[in-house]
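Here's a quick briefing to read alongside the model. Have the sequence and the 3D view open as you go.

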Amino acid sequence: MNTAVKIAGFATALAAAFGGAYGVGSAVGPSGAGPAPTAHTEREGHRPDGGGGARGGSGGEAPVGGLRVVEDGYALDLATPRIAAGEEAELRFTVRDGDGRPVTAYRAEHGRELHLVLASRDLATYRHLHPVRAGDGTWSAPVELPRAGDYRVFADFTPDAEGAGGITLGADLAVSGAYEPAALPEPSPRATVDGYTVTLDGTLRPGRESTLDLEVTRDGRPVTDLEPHLGAPGHLVALRAGDLGYLHVHPEGAPGGGADGAGPVVSFTTTAPSSGTYRLFLEFKHDGKVRTAAFTVTAGAGRGTDAPAPGAGHGEGPHGH
């Protein structure tokens with residue numbers, strides 16, 4: 001076989017190999033590509049699961065939010081991707097629509113156009129902020145985080161647009177400084193904060209609706225005059241350990257259980273999107289101040305879907321209101 005024939009044969013084989021590889025690449029899609037965003041049909045706070053965003057798999061898991069920076073044509077543009085631990089900074093961001101334009105029209109949910117939640121990846125630090133929106137659509141809020149590490153920023157909102165539902169977008173925030181990750185607290189049915197004791201009664205069930213009752217006491221006596229907080233007796237955020245999947249749920253009933261207020265039990269109905277460990281952050285208001293009690297909760301974990309869901313501990317620092 002002469003040299004020309006050999007070269008022609010090699011070129012033919014090489015073209016076939018590259019053609020096959022291209023076909024495989026086209027079939028599986030680009031590296032790291034995720035599933036297409038799912039449409040929202042209900043507001044997070046009004047769903048049984050309380051979540052929004054992509055579903056966690058094909059096993060019928062309840063939807064969770066905050067796992068994507070872009071969803072349903074809306075994007076979270078975080079202009080402050082890093083801050084320093086222990087120093088006050090201004091966190092700035094913009095929500096953009098599918099054409100890249102800043103969103104300036106929102107529907108108020110629980111008294112606010114947008115709820116901003118910050119949580120460290122180890123779930124030891126938690127903040128719930130209510131930023132201010134400028135006329136050009138830029139949001140800003142002062143924040144001081146005591147510990148270095150990786151954080152997740154969650155923007156929970158409903159655009160004032162036809163057919164738009166509730167959306168929770170998430171983005172990463174780096175906090176510089178000496179990093180010492182904290183271990184997740186061990187389970188316990190009680191958490192204490194500022195002299196208050198909160199007792200959790202209920203079970204967190206993967207894929208099944210369940211009720212969580214949280215009773216607030218102080219000095220051994222029930223607190224019967226809880227004050228309305230964001231138009232409700234209390235506020236609950238749940239984050240899944242590992243990926244920080246976000247569930248935003250609200251209590252059953254209305255605030256103001258009588259002349260003295262509401263309480264001492266605040267009930268929530270929710271569904272865990274999957275088995276695993278979660279961190280629950282209960283916000284309640286009393287004596288004019290919002291406090292946050294936190295629980296570590298296990299759903300499933302080999303003990304069945306009716307496994308107890310107690311936890312212990314409380315988030316660091318003041319509440320961002």
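Let's start with a salt-bridge partner: D77 is partly exposed, with a relative accessible area of 32% (partly exposed sits between buried, under 20% relative accessible area, and exposed, over 50%, using a 1.4 Å probe and protein chains only). This is a predicted model, so local features need pLDDT of at least 70 and side-chain atom pairs count only at pLDDT 80 or more, while totals for chains, interfaces and linings use all residues. Residues are numbered from 1 along each chain as its sequence is written, and side-chain values use heavy atoms, with hydrogens and water left out.

**The overall picture**

- The protein's secondary structure comes to one helix and 19 strands (DSSP runs numbered from the N terminus: helices are H or I with at least four residues, strands are E with at least two).
- Of the 321 residues in the protein, 46% are buried.
- About 14,700 Å² of the protein is exposed, and carbon and sulfur atoms supply 52% of that (areas come from the Shrake-Rupley method with a 1.4 Å probe; for residues, only the protein chains shown count as cover).
- Take the contacts between residues at least 6 apart in sequence: 65% of them join residues at least 24 apart (a contact means heavy atoms within 4.5 Å).

**Salt bridges**

- Side chains of opposite charge can pair when their charged atoms come close.
- How many salt bridges does the structure hold? There are 13, each being a side-chain nitrogen of Lys or Arg within 4 Å of a carboxyl oxygen of Asp or Glu.
- One of them joins D77 to R96, with the closest N and O atoms 3.0 Å apart. D77 lies in strand β2 (residues 74-78) and R96 in strand β4 (residues 89-96), so this pair ties together parts that are 19 residues apart in sequence.
- R96 is partly exposed, at a relative accessible area of 27%.
- D99 and R101 form another salt bridge, their closest N and O atoms being 3.1 Å apart. D99 counts as exposed at 62% relative accessibility, and a network of salt bridges links D97, D99 and R101.
- K289 and D194 also meet through their side chains in a salt bridge, 3.7 Å from N to O. That pair links distant parts of the chain, 95 residues apart: K289 is in strand β19 (residues 289-299), and D194 is in the loop between β11 (190-193) and β12 (196-202).
- Both ends of that bridge are partly exposed, K289 with a relative accessible area of 42% and D194 with 49%.

**Strand pairing around β4**

- β4 pairs with β2 in the antiparallel sense over four bridges (two strands pair if DSSP finds at least two bridges between them).
- β4 also pairs with strand β8 (residues 138-143), again antiparallel, over six bridges.
- F93 in β4 stands opposite L78, and F93 also stands opposite W139 in β8.
- In a regular strand the side chains alternate between the two faces of the sheet.

**A look at H286**

- Is H286 buried or exposed? H286 counts as buried, at 3% relative accessibility, and its place is in strand β18 (residues 276-286).
- The side chains of H286 and Y196 are joined by a polar contact of 2.7 Å (a pair of N or O atoms within 3.5 Å; within protein, one must be able to donate a hydrogen and the other to accept it, and residues adjacent in sequence count only if both atoms are side-chain atoms).
- Leaving out residues up to four places away in sequence, H286 touches Y196, R218, V223, D225, L226, E227 and R291.
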